[in-house]
Amino acid sequence: MKLEAGWKSRLQSELDNDSMKKLTAFLQKESKSGKTIYPQGDEYFAAFNLTPLDKVKVVIVGQDPYHGPGQAHGLCFSVREGVRFPPSLLNIFKELKSDMGVEIPKSGSLMKWAEHGVLLLNAVLTVEDGKAAAHSGKGWEQFTDRVIHVLNEERENLVFILWGAYAQKKAAFVDRKKHFVIESVHPSPLSAHRGFFGTKPFSKANEYLTSKGKEPVDWSL
């Protein structure tokens, strides 16, 4: 699995440890038994390859990949071109339009955000077809915890967008004196009307980046 050089240099010890070896063995066993795993193998690290460590401006933390056919491609909340928007993604687009005036796009792919410095990080990077959270507790969480630690320690003036209790707990240790943390309820239809809509995370992120002399993110899609 290819991993961008900057990330690889900081994460090599994590990649070589026993937890990752066990995770790799688990994934190989699942695949050999005929189970379908999303995303496909060369996309496990898509978020890192599209957003190199030194290019990260904003971090959005998700939980685990979509578990339906053709959806997941390695970026949290994002789906492949031509795939129907999951409800949470549609609500993200509604808030983006309200906040920034960006029209709801035809495609649910967030690759453009990733290429403009938005690390779209799921806590768990794989899932079994039709079984949400099937790979939770298998080792990915330790790896992605390390990712957030690296960002927290080695970078300054990042924006962490944490939607929902899971993401907020995952990144609870982020130093808020060094970075800007935006928190709200999750964009899921179950919670979006209880404090997601109207939070303006996109404009707030750009205001902070601009105040620190950084280029704002182009959120258009």
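Trainee: Let's start with H1: which residues on its other side are exposed?

Mentor: First, the vocabulary: exposed means over 50% relative accessible area, buried means under 20%, and partly exposed is in between (1.4 Å probe, protein chains only). Here, Ala 5 and Ser 13 are exposed on the other side of H1. Keep in mind that this is a predicted model, where local features need pLDDT of at least 70, side-chain atom pairs count only at pLDDT 80 or more, and totals for chains, interfaces and linings use all residues. Residues are numbered from 1 along each chain as its sequence is written, and side-chain values use heavy atoms, with hydrogens and water left out.

Trainee: And which residues of H1 are buried?

Mentor: Gly 6, Trp 7, Leu 11, Glu 14 and Leu 15. To see how they are arranged, look down the helix axis and take the arc of the directions from that axis to the C-beta atoms. The buried residues of H1 fall within an arc of 110 degrees, so they line one face of the helix.

Trainee: What do those buried residues pack against?

Mentor: Contact is heavy atoms within 4.5 Å. By that test, the buried residues of H1 pack against helix H2 (18-32), H3, strand E3 (118-122) and H6. The labels are DSSP runs numbered from the N terminus: helices are H or I with at least four residues, strands are E with at least two.

Trainee: How do I check the length of H1 (residues 5-16)?

Mentor: The expected span is 1.5 Å times one less than the number of residues. H1 has twelve residues and should span 16 Å; its end C-alpha atoms are 15 Å apart, which agrees. For H6, with 15 residues, the expected span is 21 Å and the end C-alpha atoms are 21 Å apart, which agrees too.

Trainee: On to the backbone: what kind of peptide bond joins Tyr 38 and Pro 39?

Mentor: A cis one, with omega about -10 degrees. Pro 39 sits in the loop between strand E1 (37-38) and helix H3 (46-50).

Trainee: What is the phi of Ala 133?

Mentor: Positive, about 65 degrees, although Ala 133 is not a glycine. Ala 133 lies in the loop between strand E4 (127-128) and helix H6 (140-154), and counts as partly exposed at 36% relative accessibility. Asn 157, another residue other than glycine, has a positive phi near 60 degrees; look for Asn 157 in the loop between H6 and strand E5 (159-163).

Trainee: Last one: is Glu 128 buried or exposed?

Mentor: Buried, with a relative accessible area of 11%. Glu 128 is in strand E4, and not counting residues up to four places away in sequence, Glu 128 touches Glu 30, Lys 35, Thr 36, His 67, Ala 134 and His 135.
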